[in-house]
Amino acid sequence: MGLGAAAQLSRADESCLGGPELSGAADAADYIAERCLTDAPHGRAGLEVEAHCFDPSDPLRRPGWSEIGDVLATLPELPGGSVVTVEPGGAVELSGPPLDGAVAAIEAMAADQAVLRTAFSDAGLGLVQLGADPLRPAERINPGERYAAMEQFFAASHTGSAGAAMMTSTASIQLNLDAGARSGWADRVRLAHALGPTMVAIAANSPLLGGEFSGWCSTRQRVWSRLDSARCGPVLGLDGADPATDWARYALKAPVMLVHTPEAIPVTRYVPFADWADGRVCLGGRRAGIGDLDYHLTTLFPPVRPRGWLEIRYLDSVDDTLWPALVFTLATLLDDRAAADGAAEAVEPVATAWDVAARNGLTDPRLHAAAGSCVGLVADRAPASLRAGMDRLVGMVERGRCSADDVTDEVARTGAAATVARMARSQS
């Protein structure tokens with residue numbers, strides 16, 4: 001059997017209409033805290049990799065919805081078991097299953113990428129792994145009602161341009177890791193956040209957006225930072241001692257984006273979910289139910305999101321010679337106790353330097369030092385299959401360069417359109 005149900009043009013809206021009614025915000029908080037992290041040994045890893053779809057013969061053209069759908073219809077079964085989805089602007093995402101360890105997840109994703117690239121190449125298209133679309137203006141091609149409603153929500157909240165860019169012009173590498181034992185949750189979640197700025201600087205690969213240099217190494221991170229911090233900012237409380245409570249508090253304060261009636265309807269005024277749960281506000285003609293809460297949680301996009309596991313969302317999409325080394329580095333820094341202890345010490349001075357990392361990358365001395373320490377903790381642990389990529393990563397960090405610097409240099413020489421066309425051909 002071919003890929004079948006594993007190839008989707010859009011993620012299904014993970015909601016049920018209302019469901020059992022919540023008795024109030026306290027009930028909602030308990031529901032969130034009880035389910036947000038799973039108390040079990042860690043060790044599994046899963047990956048989600050996004051790439052922009054381009055026509056290398058006309059890189060300014062955005063391939064259409066049916067055009068991409070026709071390619072996906074030809075896909076054979078993916079050997080690594082990934083699910084394929086299409087983002088609002090036509091970026092194609094592979095979502096791999098949880099496997100035993102980062103190396104297994106990397107190998108499975110690389111195999112699936114090879115099949116996907118071949119299918120797009122055969123159709124005259126290419127997949128480009130950059131953190132932001134360097135060439136085309138924001139444009140939604142995915143007709144899903146969720147995304148149309150999100151556009152209206154962002155427009156009403158005065159973040160329309162950032163919201164449109166986030167949905168249609170950004171791409172990332174997402175690492176999913178087990179939460180681990182409850183006794184270690186606080187340290188593990190704190191470290192996942194503290195590593196963020198350093199890993200943003202290392203992975204930065206989006207110096208342009210919509211045909212213009214932004215002045216930022218990670219324009220993707222910049223775009224996300226311009227959205228409502230109640231929805232997209234870090235989750236941690238003052239001390240991060242209780243990540244489950246922190247997440248419940250964050251989710252209840254975040255404004256409701258969409259209500260299903262059953263179609264997705266944007267909420268165009270600021271309504272914290274707690275107000276809906278407590279009955280102070282009525283949305284969709286009802287009080288909030290469990291289904292509404294489950295759906296609300298899918299509309300929150302912090303850099304580290306608890307979903308039973310830890311969903312780490314802050315890496316720019318980078319090319320195939322580099323992302324395996326980045327993933328291995330981040331997973332090792334979190335899953336290996338000795339590496340985690342060293343990393344926590346190394347990144348402490350820059351643990352909240354998100355904007356500095358996104359703007360300056362590794363040219364910032366403190367981030368450069370933290371990056372060197374973190375990569376040094378991991379480099380010798382990489383297996384032979386990742387050796388070339390790890391050597392490249394180590395060399396880049398030693399020189400204080402990120403992928404954004406290479407993109408900037410190439411665009412300066414040949415122009416953005418030629419750079420994108422070259423990438424589309426080399427990735428196809």
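This section describes the helices, nonpolar cores, pocket and local backbone features of a predicted model.

Among the helices, H3 covers residues 102–122, and at 1.5 Å a residue its 21 residues should span 30 Å, which agrees with the separation of 30 Å between its end C-alpha atoms. The buried residues of H3 are Ala102, Ala105, Ile106, Ala108, Met109, Asp112, Gln113, Leu116, Arg117, Ala119 and Phe120, a list that includes the charged side chains of Asp112 and Arg117. Just after H3, glycine 124 adopts a positive phi of about 80°.

Phe120 of H3 also appears in the largest nonpolar core, which holds 112 residues and in which Phe120, Leu195, Phe273 and Tyr314 touch the most other members. The greatest contribution to this core comes from H13, with 9 residues. A second, separate core comprises 18 residues, among them Tyr147, Trp224, Leu227 and Ala264. In soluble globular proteins, nonpolar side chains tend to be buried together. For tyrosine 314, when residues up to four places away in sequence are not counted, the contacts are Ala192, Leu195, Gly196, Met199, Val200, Arg220, Gln221, Pro303, Val304, Leu330 and Trp354; Leu195 is thus both a contact of tyrosine 314 and one of the residues that touch the most other members of the largest core.

The second largest pocket encloses about 380 Å³ of space. Its lining consists of 19 residues, with Gly184, Asp187, Arg188, Arg337 and Ala340 lying nearest the centre of the pocket, and it divides into 8 nonpolar, 4 polar and 7 charged residues. At least two lining residues are supplied by each of helix H6 (185–194), helix H13 (323–335) and helix H14 (337–347), so that H13, according to the definition of these elements, takes part in the lining of this pocket and also gives the most residues to the largest core.

Tryptophan 185 is located in helix H6 and, at 5% relative accessibility, is classed as buried because this value falls under the 20% cut-off. With neighbours within four places in sequence left aside, tryptophan 185 is in contact with Leu37, Thr38, Asp39, Ala179, Gly180 and Pro243. One of these contacts, threonine 38, is 147 residues away in sequence, with a C-alpha to C-alpha distance of 9.6 Å from tryptophan 185.

Isoleucine 173, which belongs to strand E6 (residues 172–178), is likewise buried, with a relative accessibility of 1%. Beyond residues up to four places away in sequence, isoleucine 173 touches Glu48, Val49, Ile312, Leu315, Asp316, Ser317, Val318, Trp323 and Val327. Between isoleucine 173 and leucine 377, which are 204 residues apart in sequence, the C-alpha to C-alpha distance is 21 Å.

Helix H5 is mostly covered, 7 of its 10 residues being buried, namely Ala162, Gly163, Ala165, Met166, Met167, Thr168 and Ser169. The elements that cover these buried residues include strand E1 (44–54), H4, strand E7 (208–209) and helix H8 (219–225). The loop between helix H4 (145–156) and helix H5 (160–169) contains histidine 158, which is exposed because its relative accessible area of 74% is over the 50% cut-off.

Two backbone features can be set against a general expectation. Most residues other than glycine have a negative phi, and most peptide bonds are trans. Histidine 158, however, has a phi near 65°, a positive value in a residue other than glycine. Threonine 261 and proline 262 are joined by a cis peptide bond, with omega about 10°, and proline 262 is situated in the loop between strand E9 (258–260) and strand E10 (264–266).

Two further residues illustrate other degrees of exposure. Glycine 289, in the loop between helix H11 (273–277) and helix H12 (290–298), is buried, with a relative accessible area of 1%, and its C-alpha atom is 9.4 Å from that of tryptophan 276, 13 residues away in sequence. Aspartate 27, in helix H1 (residues 25–35), is partly exposed, because its relative accessible area of 30% lies between the 20% and 50% cut-offs. The C-alpha atoms of aspartate 27 and valine 92 are separated by 38 Å, these residues being 65 apart along the chain.

Note on methods: Residues are numbered from 1 along each chain as its sequence is written. This is a predicted model: local features need pLDDT of at least 70, side-chain atom pairs count only at pLDDT 80 or more; totals for chains, interfaces and linings use all residues. Side-chain values use heavy atoms; hydrogens and water are left out. On a 1 Å grid over the protein atoms alone, a cavity is a set of points where a 1.4 Å probe fits but cannot get out, and a pocket is an open set with protein on both sides within 12 Å along at least five of seven lines; lining residues have an atom within 4 Å of a point. Grid points are joined across faces, edges and corners, and a volume is the space filled by probe spheres set on the points. Helices (H or I, at least four residues) and strands (E, at least two) are DSSP runs, numbered from the N terminus. The expected span of a helix is 1.5 Å times one less than its number of residues. Buried means under 20% relative accessible area, exposed over 50%, partly exposed in between (1.4 Å probe, protein chains only). A nonpolar core is a set of buried Ala, Val, Leu, Ile, Met, Phe, Trp, Tyr and Cys residues joined through side-chain atoms within 4.5 Å. Contact means heavy atoms within 4.5 Å.
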